[in-house]
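Here is a set of short exercises on reading a protein structure, each with a worked solution. Take a look at the sequence and the model, then try each task before you read on.

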Amino acid sequence: MLFSSIPFLYYFLPCVLFLYFLLPKKAGNIILLIFSLIFYGWGEPRYLILMIISVSLGYVFGLLIEKHRGQKSAKTYMIISVGISLSFLLYFKYADFFITNFNNITGLSLKLLRVSLPIGISFYTFQIISYTIDVYRGDVAARKNPLTLALYVAMFPQLIAGPIVRYADVEKQLDNRIISFEKMSLGIRRFVIGLSKKVLIANVLGELCDTFTSSSDLSILYFWFYALCASLQIYFDFSGYSDMAIGLGKIFGFDFLENFDYPFISKSITEFWRRWHMSLGSWFRDYVYIPLGGNRVSPTRHIFNIFAVWFLTGFWHGADWNFIVWGVYFAVLLLIEKNFFKEKLENSTVTGRLYVIIFVLISFVIFNAASLSQASEYIRYMFGLGGIPLISKEFVYYFKSYFIIFITALIGSTPVVKNLIGKLRNNNAMDKVLNALEPVILITLFILSTAYIVDGSFNPFLYFRF
């Protein structure tokens, strides 16, 4: 079930909201857990058992780790727990990738398992791993109530699309959270904005990208236009879902951390990754990079640590070589940047931002490609190495046709509108006008999004790849 679908918006969500606020407050967690399991089972009924097993094992090992804290057995339990969680992820997400590459290397023809990818397994696996590691470190206490731990992992707002929520960040909220009209209003606003970003911008740009990939009238500018639109589609899809998750969390009383912070205004790749998919970046920093020694090691080991983290970051995104190359690509950029010109970039706004845009666009061509050969071909064409013209009729046609949505996406990827509204709210008269207009704007956006969902057939779910 997608957030951007009629069943969710008009059936599932109204039902859970009605019961959540109708029944006593102490029943809130049970209501959320039941509906979260329904939400997951709606799309993956056979893998619901897998998630329940994963949560149950995390619960048991959390208790064992806490019981034996300070003893060698605690570390053993932690390693076993992490190993089991990763084994589930490796089997269901990467088994056929490993078999395919083994066949390519050896010349054998081992049969592929054809295992379908359970929705959200990359997200909930990382949450369970972070929980057991944090219990081992003594950062949090093991949860005694298994249903509450299950709610933390399975909570439908962030279950299949993130952000990756740390147990430490919601531990207290699982037991006692503030629910207020103001918080609900903020949550509704955030959800509608996220829905609009996903449906009215990301989906439309996705249609254009699909048109491009089937085109025969290609040109250099058309390739760059595609790269821009593909990057913006990924951004608005990811950040839109994060906005919806954060908004739903607030409606139910939870405060999830931010996941995107206008990454395209960055002046360095380092800054870009402080602003892009922040929950994933911080997860790899705290559970991979720092345990490996971070930057407090020899230069050679530091290079290894960087490559290890970014190899895994790329691999987390999907079982294809283009994702691995995408991750290693950023490792190379970050190492060069940190050692040679990071300060110069950040002190030069124009140069820094131009540099980020060019290299990020190239990265998302790799990320979005069906194969490495396609990515290589696209990049060659972008730099005029494919013998195609600078401009084509089809590029001109689609640039004109999508100009308004394209410019809207460019502006929306920056904090221009946010900053403008902030300045207007400093004026009492304008603040009252904005307060009066906000409900009208949100209702209009919601109606437009609904109309697009009903009339449009293009509503891809990028997280199926993860």
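Before starting, note that this is a predicted model: local features need pLDDT of at least 70, side-chain atom pairs count only at pLDDT 80 or more, and totals for chains, interfaces and linings use all residues. Residues are numbered from 1 along each chain as its sequence is written, and side-chain values use heavy atoms, with hydrogens and water left out.

**Exercise 1. Two rings in one helix**

Task: Find out how the rings of Phe8 and Phe12 are arranged, and decide whether Phe8 is buried or exposed.

Solution. Step 1: place the residues. Both Phe8 and Phe12 belong to helix H1 (residues 6-22), four residues apart, or about one turn of the helix. Helices here are DSSP runs of H or I with at least four residues, strands are runs of E with at least two, and both are numbered from the N terminus.

Step 2: apply the ring rule. Rings of Phe, Tyr and Trp (its six-membered ring) pair if their centres lie within 6.5 Å; planes under 30 degrees apart are stacked, over 60 edge-to-face, and the rest tilted. The whole structure has 75 aromatic pairs. Phe8 and Phe12 form one that is stacked, at 5.6 Å centre to centre with 25° between the planes.

Step 3: check accessibility. Buried means under 20% relative accessible area, exposed over 50%, and partly exposed in between (1.4 Å probe, protein chains only). Phe8 has 0% relative accessibility, so Phe8 is buried. Phe12 is buried too, with a relative accessible area of 7%.

**Exercise 2. A pair across the sequence**

Task: Classify the ring pair of Tyr235 and Phe260, and say which parts of the chain the pair ties together.

Solution. Step 1: the ring centres of Tyr235 and Phe260 are 6.0 Å apart and the planes meet at 80°, so this pair is edge-to-face.

Step 2: Tyr235 lies in helix H10 (residues 220-251), while Phe260 lies in the loop between H10 and helix H11 (269-275), so the pair ties together parts that are 25 residues apart in sequence.

Step 3: Tyr235 has a relative accessible area of 3% and is buried. Phe260, at 12% relative accessibility, also counts as buried.

**Exercise 3. Test a helix length**

Task: How does the span of helix H13 agree with 1.5 Å a residue?

Solution. Step 1: the expected span is 1.5 Å times one less than the number of residues.

Step 2: H13 (residues 299-317) has 19 residues and should therefore span 27 Å; its end C-alpha atoms are 28 Å apart, which agrees.

Step 3: look at its buried residues, which include His302, Ile306, Trp310 and Trp316. The charged end of Lys93 sits over the ring of Trp316, 5.3 Å from the ring centre. The rule asks for NZ of Lys or CZ of Arg within 6 Å of the ring centre and within 35 degrees of the ring normal.

**Exercise 4. Two cysteines**

Task: Why is there no bond between the sulfurs of Cys209 and Cys229?

Solution. Step 1: a disulfide is a covalent bond between the sulfur atoms of two cysteines. The test used is a pair of cysteine sulfur atoms within 2.5 Å.

Step 2: the closest cysteine sulfur to that of Cys209 is in Cys229, 5.6 Å away, which is too far for a bond. The structure holds zero disulfides.

Step 3: Cys209 is buried, with a relative accessible area of 4%, and Cys229 is buried at 1% relative accessibility.

**Exercise 5. An unusual phi angle**

Task: Where do Arg114 and Tyr262 lie, and what is the phi of Arg114 and of Tyr262?

Solution. Step 1: most residues other than glycine have a negative phi.

Step 2: Arg114 has a positive phi, near 55°, and is found in the loop between helix H4 (72-106) and helix H5 (121-137). At 67% relative accessibility, Arg114 is exposed.

Step 3: Tyr262 also has a positive phi, near 45°, and sits in the loop between H10 and H11. Tyr262 is buried, with a relative accessible area of 19%.
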